[in-house]
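Subject: Structure handover and notes

Dear colleague,

I am passing on the structure we talked about, with the sequence alongside. Please have both open while you read the notes that follow.

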Amino acid sequence: MSAQQQRTAGTDKRVAVAVAVAVVHRVYRSPGERTKNPALHDDDDDNDRHMSDVPPPPPLRIYEILIDRFARLADAAHADEVAPPPPAVYGAAGSFYYGGCIAGISDGHLAHLHRLGFTHVLLTPFMLGDLGDWQSYHGYHIVDLGRLDPRLVAGWDGNGLRPDDATLEGIFGRFLDRLTRHRLHLILDVTPNHLIPPAPAPAPAPAPAPAPAPAPAPAPPGDDGDLTATDDDPLAPAAAPAAAPAAAPAA
């Protein structure tokens, strides 16, 4: 091989290596580098450029709370202690409720979740359910999405005066303030296929039917079987008394 051919071959190798390095650099360069150097962009790289300009979303760390089983109002001052066992009967015989409520989720609970790195709290439903049903402790059997359930918001146990809607809304508003104070966001859990209509009111019992009037007694027949009055007929007029015999003349 002549000297000229060797120089040409060497140049070709250097050009091939440079092209290969440029291709590898284009494919594997970082999004940050592409953003800093607009000259590296081309028409095929527009989507990558736009995606690299968008900052990644912050990580979501969600803690789910089953309200009835998390904290009762009486336990709110003892967030770091093990809660006592639930009462034998809560609300009614056969009740599945434990007594946990939104009012029992204290600052201590939320501060602890924040320290653990959680960013969101997911609450099971707390909208109004059937107040005659003491087994749906999970809150999914909702009858009114526009009202709050006194059991899951205020811990009402079925005894005494039930909290009104304004009281329940005040408790929920203070809970939102506590979430904000500890930089936590709220996620609501609503499952539409579990909604149930309220039970209809029982229909009034029909009024009893009046007793039938007794049938009239048949009139007794006459002597000849017809309906003419006879001496035996109590409806016949009384017979005139027989005339007294005339007195005999005096002798």
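Before the surface is described, one definition is needed: a patch is made of residues with over 30% relative accessible area and no salt bridge, and nonpolar side chains are joined into one patch when they lie within 5 Å. By that rule, L145, L188, V190 and L195 make a nonpolar surface patch of about 330 Å². V190 is found in the segment after β5, which covers residues 185–188, and because its relative accessibility is 38%, V190 counts as partly exposed. Please keep in mind throughout that this is a predicted model.

Overall architecture

The protein has 251 residues, of which buried residues make up 26%. Its secondary structure comes to 6 helices and 5 strands, and from the N terminus on these elements run α-α-α-β-α-β-β-β-α-α-β. Among the contacts with a separation of 6 or more, 62% are between residues 24 or more positions apart. The accessible surface comes to about 17500 Å², and carbon and sulfur atoms account for 62% of that area.

The nonpolar core

The largest nonpolar core has 26 residues, and those with the most contacts inside it are I102, L110, V121, L123, F126, V153 and F175. The elements that give two or more residues to this core are α4, β2 (120–123), β4, α5 (150–154) and α6, with α6 giving the most, at 5 residues. L123 is a useful residue to look at here: leaving aside its neighbours within four places in sequence, L123 is in contact with I65, I67, I102, I105, F175, L186, I187, L188 and D189. One of these contacts, L188, also belongs to the surface patch described above.

Helix α4 and its ends

Which residues of α4 are buried? They are H109, L110, A111 and L113, and what covers them includes β1 (62–65), β2 and α6. H109, in the helix that spans residues 107–115, has a relative accessible area of 12% and is therefore buried. A polar atom of the H109 side chain lies 3.0 Å from the backbone nitrogen of S106. S106 also makes a contact of its own at the start of α4, where a side-chain oxygen of S106 reaches to within 3.2 Å of the backbone nitrogen of G108. Just after the helix, G117 takes a positive phi of about 100°.

Salt bridges

The count comes to 4 salt bridges, and three pairs are described here, including R147 with D165.

- R69 forms a salt bridge with D68, with the closest N and O atoms 2.8 Å apart. The two partners differ in burial, since R69 is partly exposed at a relative accessible area of 39%, whereas D68 is buried at 1%.
- The side chains of R147 and D165 meet at 3.2 Å, N to O. R147 lies in strand β4 (residues 142–148) and D165 in helix α6 (residues 165–181), so the pair ties together parts that are 18 residues apart in sequence. R147 is partly exposed, with a relative accessible area of 32%, and D165 likewise counts as partly exposed, at 29%.
- The side chains of D149 and R151 meet at 2.9 Å, N to O. D149 is buried, with a relative accessible area of 2%, and R151 counts as buried at 2% relative accessibility.

The loop around W134

W134 lies in the loop between β3 (127–129) and β4. Is W134 buried or exposed? Its relative accessible area is 11%, and because buried means under 20%, W134 falls in the buried class. The side chain of W134 reaches the backbone oxygen of L131 at 3.4 Å. W134 and G158 are 24 residues apart in sequence, and their C-alpha atoms are 9.2 Å apart in space.

With best wishes

How values were computed. Residues numbered from 1 in each chain as written. Predicted model: local features only at pLDDT ≥ 70, side-chain atom pairs only at ≥ 80, totals over all residues. Heavy atoms only, no water. Helix = DSSP H or I, 4+ residues; strand = E, 2+ residues; numbered from the N terminus. Buried < 20%, exposed > 50% of the residue type's maximum accessible area, 1.4 Å probe, protein only. Polar contact = N/O pair within 3.5 Å; in protein donor to acceptor, adjacent residues only side chain to side chain. Patch = residues over 30% accessible without salt bridge, like charges linked within 9 Å, V, L, I, M, F, W, Y side chains within 5 Å. Areas by Shrake-Rupley, 256 points an atom, 1.4 Å probe, with all protein chains shown as cover. Core = buried A, V, L, I, M, F, W, Y, C linked by side-chain atoms within 4.5 Å. Contact = heavy atoms within 4.5 Å.
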